[in-house]
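Here is a short briefing on one protein model. Keep the sequence and the 3D view at hand while you read.

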Amino acid sequence: MDRKHCCVALSVQPSRGLMDEKFIILVQNALPGFQLTLHALHQCEDGHSWEAFAHYVTDVAGTVNVSEDPSLGGTYSGVEPMGLLWSLRPLPGSKPGLRLRKVNVQTPMEVMISVYQGHQTEGFADQAPLAGVVVERWYMAPGVRRIPVTEGGLIATLFLPSGPGPFPGLLDLWGGGEHLVEYRAALLASHGFVTLTLDYLTQLANKEMLDDNYFEVAYRVLEQHPQVLDSRIAMLGLSLGTSVTLKVAAYSQAIKLRAAVCVSGSHVQPAHGSLTEILAYYSKNAGKTCYNEENQAIWRNLLLPIPTDPAFKVDVGQMQCPLLLVVGEDDQNWPAYESAMDIKEMMERAGNSHLLTVLSYPNAGHLIEPPYTPHFHASTFEAPVSKGMFIALWGGETVPHARAQEDAWRKMLAFLRKSLYDTKNPGITSL
């Protein structure tokens, strides 16, 4: 196409929105049957760049609507409205083991979306695009407030939704390689939940900070906050955070949860052990670690076979609040699917299986995150005890994993709203 005689137009609506909000990409004013490439480029806060691209052909009106028209190739194919986000990957030549994560949630994730002539696969930096748009993706909605919390020795951040409230509360726990991670909590607050994200591993050397009291202090921060409905608090755990969440939900007399969500975790652990004892139990089984041909660590065998001895499993039969389990059936890091099936059997025997919901996703891996987060089949991981660095295999295939993230997030929000919001009570803020 002669660019002098054609002004291709590119629009993305909304160009500024939440991370879990879909956008519509529209290319107009091209010639009919014109081959073009849509390209997404993002530079994350650690300086590494990520890209995705897709090949399209315009219709008789010279238009491409990414929400309706299929990609013919690239980092994804088919009709995928958000493919330019969830198929992002490091630029060729980047170091292995990268994982894209937002650190400063008070700034947006900026993505440059451009349209190029022809079906391109490389060398985008050396070509002039026909058009380009910068898209902002936010984890914090307008009006959400971020408050660091150090009360009682906590390392935490509180996110308050916009408005006076009162709102339900949510305690957000990440996994064994994490410290203070804020982006999921910020997005949950954007959906109407006062969310406290908690770092529970930095104090690992101080065993007193890893007993149940640490989590009780975090719970009280939520419970006593004037904008929180103190009887409507849930806990969300991913991976190792699931171990804490299940233990609290089953046994704690001080923490009274209205609901619990466990993503990619297990109930296998010393039933009444502290977090330090739980980690020691996992470390004792480290000899079961396997490695694939790329020397990526597979940890799922550490807890297999699922023990029959009740001393090494949380007694989920004692749970009295609704429980949502989210698992990927190709999780190579933790036996989440096998654990979910055993939890289901235990709760059926105990007569409380009516409290259980299981979302199980074929060909999804371990890191089930908010929608449109890129899929990471493997990435660099720091072990919580030894502090050793290695590449962990998380598992999953890109397309089914992306589907799982979108579906699980939608159903998790619905589960939390049903469990925590009482529409019959006029004193509770309605979404």
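Glu369 is buried, with a relative accessible area of 4%. This comes from a predicted model. The side chain of Glu369 meets that of Arg99 in a salt bridge, and Glu369 also helps to line the largest cavity.

**Buried salt bridges**

- The structure holds 13 salt bridges.
- In the bridge between Arg99 and Glu369, the N to O distance is 3.0 Å.
- Arg99 sits in the loop between strand 7 (89–90) and strand 8, and Glu369 in the loop between strand 19 (356–361) and strand 20 (378–382), so this pair ties together parts that are 270 residues apart in sequence.
- Arg99 has 15% relative accessibility and counts as buried.
- Arg184 pairs with Asp172 in a salt bridge, with the closest N and O atoms 2.5 Å apart.
- Arg184 belongs to helix 2 (residues 183–189) and Asp172 to strand 12 (residues 167–173), so their bridge ties together parts that are 12 residues apart in sequence.
- Both Arg184 and Asp172 are buried.

**Salt bridges within helix 6 and a network**

- Lys344 and Glu348 form a salt bridge through their side chains, at 2.7 Å from N to O.
- Both residues lie in helix 6 (residues 336–350), four residues apart, which is about one turn of the helix.
- Lys344 is partly exposed, at a relative accessible area of 36%.
- Glu348 is partly exposed too, with 42% relative accessibility.
- Asp407, Arg410 and Lys411 are joined into one network by salt bridges that share partners.

**Cavities**

- Rolling a probe the size of a water molecule over the atoms shows where empty space is left.
- The count comes to four cavities of 30 Å³ or more.
- The largest cavity holds about 100 Å³ of space.
- Its lining includes Arg184 and Glu369, along with Leu236, Val263, Val326, Ile368 and Pro370.
- Gln405, Ala408, Trp409 and Met412 are also among the lining residues.
- Helix 7 (residues 398–420) gives the most to this lining, with four residues.
- By class, the lining has eight nonpolar, one polar and two charged residues.

**Surface patch**

- Leu41, Met112 and Val134 form a nonpolar patch on the surface.
- Together, these three residues have about 220 Å² of accessible area.
- Met112 lies in strand 8 (residues 109–117).
- Met112 is partly exposed, with a relative accessible area of 33%.

Definitions and conventions:
Residues are numbered from 1 along each chain as its sequence is written. This is a predicted model: local features need pLDDT of at least 70, side-chain atom pairs count only at pLDDT 80 or more; totals for chains, interfaces and linings use all residues. Side-chain values use heavy atoms; hydrogens and water are left out. Patches are made of residues with over 30% relative accessible area and no salt bridge: like charges are joined within 9 Å, nonpolar side chains (Val, Leu, Ile, Met, Phe, Trp, Tyr) within 5 Å. Accessible areas come from the Shrake-Rupley method with a 1.4 Å probe; for residues, only the protein chains shown count as cover. A salt bridge is a side-chain nitrogen of Lys or Arg within 4 Å of a carboxyl oxygen of Asp or Glu. Helices (H or I, at least four residues) and strands (E, at least two) are DSSP runs, numbered from the N terminus. Buried means under 20% relative accessible area, exposed over 50%, partly exposed in between (1.4 Å probe, protein chains only). On a 1 Å grid over the protein atoms alone, a cavity is a set of points where a 1.4 Å probe fits but cannot get out, and a pocket is an open set with protein on both sides within 12 Å along at least five of seven lines; lining residues have an atom within 4 Å of a point. Grid points are joined across faces, edges and corners, and a volume is the space filled by probe spheres set on the points. Ala, Val, Leu, Ile, Met, Phe, Trp, Tyr, Cys and Pro count as nonpolar, Asp, Glu, Lys and Arg as charged, and the others, Gly among them, as polar.
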